[in-house]
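Visitor: I am new to this structure and would be grateful for a close look at a single part of it. Please begin with one helix and then set that helix in its wider surroundings.

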Amino acid sequence: MQGITRRFGDLVANDDISLALHAGEVLALLGENGAGKSTLMSILFGHYVADAGTIEVFGRPLPPGDTRAALAAGVGMVHQHFTLADNLTVLDNVMLGTEGLGRLVTRKAAALARLREVAQGSGLAVDPLARVANLSVGERQRVEILKALYRGARVLVLDEPTAVLTPQESQSLFATLRQLVRQGMAVIFISHKLDEVMDISRRVLVLRGGRVVAESATADTNKAELARWMVGQSVIGLQREAGRVNDATARPRLSVQGLDADGGRVHLKNVALDIGAGEILGIAGVSGNGQGLLAQVLSGVSEPTRGTIQIDGVALGGHVPSVVARGVARVPEDRQAVGVVGDLPIWENLCAEALHTPTLSRLGWVRRAAAQAYARQVLQAFDVRGATLERRTRALSGGNMQKLILGRVLQRADGTAPRVIVAHQPTWGLDIGAVNFVHGRLRAARDAGAAVLLISDDLDEIELLADRIAVMSHGRLGPARAAEAWTREQLGLAMAGELDAHPRSAVGAAS
Amino acid sequence: MRLEARAHITSADVLRAGGLALLAVMATAAALVAAAGAPVAQTFSLMASGAFGSVFALSETFTRAIPLMLTGLAATVAFKARLFNIGAEGQLYAGAIAAVAVGGGAIDAPAPLLFALMLLAAALAGACLLLGPALMKLLWGVDEVVSTLLLNFIVLLGVGALLDGPMKDATAMGWPQSVALLGDLELSKLVAQTRVHTGLLWSTGAAVALWVLLRFTTLGFDIRALGANSRAAAFAGVPVTRTMVMVALLSGGLAGLAGAIEVAGRTSYVTLDMSPGYGYTGIVIAMLAALHPLAVVGASVLVAGVLVGADSMSRSIGVPSYLADVVVASALLAVLTASMLTRYRLRFDRVGRT
């Protein structure tokens with residue numbers, strides 16, 4: 001790729017980026033969210049057309065904006081969010097789109113033989129006749145890779161492939177990648193996790209603000225340098241506070257006992273947890289194992305089928321307004337789709353949770369002056385940039401949108417402090433500056449006496465913030481133990497479903 | 001070819017899009033007039049003067065705008081909450097029937113009280129008619145577009161049966177029409193010697209009231225939040241079921257009122273042809289007004305002007321008045337296209353051979 005430039009309006013997403021990839025190597029593409037990684041790969045794959053620049057694959061120019069040509073030239077892409085049809089078999093998924101519409105009979109037998117051959121050659125073991133719906137996330141990712149290989153990919157692009165995997169599954173993916181590279185595959189590995197980049201790649205290309213800021217052989221650099229390149233300054237995240245003592249569970253602020261809930265695809269089974277005032281309990285787990293449902297139940301959005309939730313010893317009622325009134329600060333996983341109403345003005349989103357309370361309305365009439373004054377205070381206190389009261393909330397960047405949501409729940413309109421915080425993936429997709437801000441605010445709220453439930457796929461985040469950690473798998477929550485008592489391997493095993501694999505027990509166990 | 005979101009939208013862009021939409025409508029209409037063999041410029045000027053050129057023309061336009069304003073508001077409040085009420089036509093007839101049932105002489109009460117009862121009955125009739133589809137949507141996920149649309153035909157058949165049966169006016173020499181409203185209940189004329197009546201004040205008042213409701217009340221916030229992003233609204237604590245029911249009552253009630261106001265202001269009794277599709281045209285008006293209650297007032301006067309002007313032009317030079325339908329329909333398409341193109345940019349890419 002030579003001199004790729006792409007603008008969106010005034011924003012230059014890619015500014016004169018050149019990238020060379022050789023057969024038999026893994027090139028890591030590193031950068032913050034919004035650095036231009038996804039745009040660059042979308043141009044390679046023909047989803048976008050570059051304003052300037054050319055692409056050559058194996059010496060032949062690739063016509064811009066033509067996904068089929070990219071496929072034909074041997075470029076395969078594995079997206080972070082899988083593009084598989086759940087109700088079809090592995091074989092069907094792999095064959096999808098490879099046969100012309102005019103064909104009356106499908107060549108299933110031949111395809112099956114070829115798929116087996118490809119699977120064997122790459123060491124990707126998956127039953128071709130299994131339904132995708134029955135596969136684990138790791139297996140689905142293998143299917144995605146097989147799909148690309150089946151189509152003859154010689155350049156493989158992996159977009160944040162480890163985001164959905166357990167540490168063990170990630171290791172197995174890396175083993176596969178190493179084998180493929182030995183066979184001459186060229187791999188572009190997109191990530192913002194420095195450990196993985198150091199582990200798997202031969203060369204690193206760092207993007208920031210749409211430009212290439214550094215290119216280096218992985219062996220010649222280190223994590224600290226990569227992080228500096230990535231953020232452009234030497235701020236690294238907050239440090240873990242050592243040796244925090246907690247006797248919090250003696251009198252729990254939030255207490256959940258015997259909780260069952262039905263979420264359609266996942267069920268919560270007999271979930272129990274206690275969080276004390278001034279404590280952060282981290283829930284680790286591969287996403288989709290019931291953490292979302294637990295957050296929804298605690299947020300008052302879903303109803304449990306059994307069990308009790310108590311705050312300071314008093315049962316928590318079912319609906320959102322009463323949950324909010326009891327002092328639960330709720331930070332949802334998907335800030336765009338659930339956290340804010342993007343088309344409404346910023347001040348209305350800030351006031352949304354409290355609009356029906358006497359602080360902000362009387363007899364059904366919004367107390368506009370009071371509401372806007374409150375909104376102005378929050379915007380200032382939480383440093384929400386690019387915001388005016390009347391501006392559409394959609395116009396905010398992800399980080400500022402998250403600051404808005406945090407402000408709404410932490411600095412409440414009625415002036416009370418939150419008693420319980422339910423934060424689900426609070427820093428997903430944010431840049432380091434915003435991540436630090438969110439982490440700082442969560443710690444501050446904890447120090448002010450809130451019981452914090454932190455649910456995250458990101459083990460680094462959990463280990464950084466949590467006082468105790470429990471792991472969720474298949475809708476069951478394992479015992480909570482002091483953060484120092486866990487090793488990465490134990491967390492990984494627990495995430496894979498072996499919740500009782502922890503050898504040392506009774507360290508502050510909650511259930 | 002693909003659509004791409006524009007980063008910035010200036011008010012100049014919006015104006016330009018509106019102007020282009022207007023040009024597109026004029027061009028379509030001009031082509032049809034020319035095809036009909038009539039002089040284009042004269043046809044347009046006859047339409048304009050027939051709609052707005054004299055006191056009489058204006059009075060006819062405003063008379064026509066009254067029910068359109070109310071059905072336009074009915075569509076506006078429903079669409080704001082993403083409750084796609086296509087049933088305003090049936091709700092209008094239900095309201096008209098309820099108005100005559102209360103105000104046709106069956107109840108003996110002082111006129112002001114009876115008038116209030118009549119409006120209430122009409123609004124309730126329309127509201128109940130939409131409540132069913134709204135509840136079916138909430139409870140079982142039944143598509144309200146289908147249920148409200150089909151209810152229109154059921155209501156029309158039901159009204160037909162009533163007009164030929166229990167509510168038939170025995171003195172109407174066999175015509176299927178209802179008994180007439182009591183004279184005391186009829187709306188007075190705004191301008192002497194014309195048909196325009198005080199229903200114009202009622203409908204404009206309804207537009208202002210709806211604007212205030214949507215902008216300044218908690219229910220208004222609930223409605224807008226629910227329509228813009230129902231998941232986020234529910235997460236923030238908007239009572240989804242209650243809000244949806246309120247929207248159904250408001251929307252159906254406004255359409256029912258349109259029926260009562262038509263009877264009290266213009267027709268005096270119910271016939272099966274009292275509405276030439278006001279309920280459906282209300283949807284067009286709501287879209288033209290971009291779901292803004294105050295803009296509905298202007299949009300309904302404009303659409304009424306096109307309809308009235310085309311009738312008048314047709315009487316003068318014989319171009320079919322169906323031209324009005326073409327103008328209204330192409331205006332809707334042009335405005336929707338224009339609003340899309342202000343938000344997105346069409347990009348033509350060189351697409352390689354496949």
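Guide: The part chosen here is helix α11 of chain B, which covers residues 278-288 and is mostly covered, with nine of its eleven residues buried. The model is a predicted one, and local features are described where pLDDT is at least 70. The buried residues of α11(B) begin with Y278(B) and G279(B), continue with T281(B), G282(B), I283(B), V284(B), I285(B) and A286(B), and end with L288(B). As a general matter, an α-helix has 3.6 residues a turn, so residues three or four places apart point the same way. The cover over the buried residues of α11(B) comes from several helices of chain B, including α3 (55-80) and α4 (88-103). Also among the covering elements are α10 (240-267), α12 (293-317) and α13 (323-343) of chain B. After α11(B) comes A290(B), which has a positive phi, near 55°.

The chain that holds this helix may be considered next. Chain B contains 13 helices and two strands. Of its 354 residues, 47% are buried. Measured against no experiment but computed along the principal axes, the C-alpha atoms of chain B fill a box of roughly 75 × 60 × 40 Å. A compact globule of 354 residues would have a radius of gyration near 20 Å, and the 22 Å of chain B agrees with this. Where contacts in chain B link residues at least 6 apart in sequence, 77% of them join residues at least 24 apart.

Chain B also meets chain A. In this interface, 24 residues of chain B are in contact with 33 residues of chain A. On the side of chain B that touches chain A, α8 (218-228) and α9 (230-236) of chain B each supply at least two residues. That side of chain B comprises twelve nonpolar, seven polar and five charged residues.

A nonpolar core offers another view of the two chains. The largest nonpolar core has 201 residues, and those touching the most other members are C351(A), L453(A), L454(A) and A99(B). This core lies between domain 2 (248-327 + 416-511) and domain 3 (342-415) of chain A, because both domains give residues to it. Apart from neighbours within four places in sequence, C351(A) is in contact with L360(A), A371(A), Y374(A), A375(A) and A413(A). There is also a second, separate core of 62 residues, which includes I4(A), A148(A), V206(A) and M230(A).

Chain A itself has a secondary structure of 17 helices and 24 strands. Among its 511 residues, 46% count as buried. Its C-alpha trace spans about 65 × 50 × 50 Å along the principal axes. For 511 residues, a compact globule would have a radius of gyration near 24 Å, and the value of 25 Å for chain A agrees. Of the contacts in chain A between residues at least 6 apart in sequence, 68% join residues at least 24 apart.

The domain assignment divides chain A into domain 1 (2-231), domain 2 (248-327 + 416-511) and domain 3 (342-415). Between domain 1 and domain 2 of chain A, the C-alpha centres lie 33 Å apart. Where these two domains meet, ten residues of domain 1 of chain A are in contact with eleven residues of domain 2 of chain A. The side of domain 1 that touches domain 2 has five nonpolar residues, four polar residues and one charged residue.

One sheet of chain A completes the account. Four strands of chain A form an open sheet in the order β13-β12-β15-β16, with antiparallel pairing. Its edge strands, β13 (267-276) and β16 (314-315) of chain A, each pair on one side only. Strand β12 (residues 252-262) and strand β15 (residues 306-311) of chain A run antiparallel and are joined by five bridges. In one of these pairings, R306(A) in β15(A) is the bridge partner of D260(A). Two bridges then join β15(A) to β16(A), and these strands run antiparallel. Here I311(A) stands opposite V314(A) in β16(A). The two strands β15(A) and β16(A) form a hairpin with two residues between them, and D312(A) in the turn has a positive phi of about 50°.

Notes:
Residues numbered from 1 in each chain as written. Chains lettered and ligands numbered in written order. Predicted model: local features only at pLDDT ≥ 70, side-chain atom pairs only at ≥ 80, totals over all residues. Contact = placed C-beta atoms within 7 Å. Nonpolar A, V, L, I, M, F, W, Y, C, P; charged D, E, K, R; others polar. Core = buried A, V, L, I, M, F, W, Y, C linked by C-beta atoms within 7 Å. Buried ≥ 20, exposed ≤ 12 C-beta atoms within 10 Å, placed from the backbone. Domains from an automatic or database assignment. Rg over C-alpha atoms; globule rule 2.2 N^0.38 Å. Pairing = 2+ DSSP bridges.
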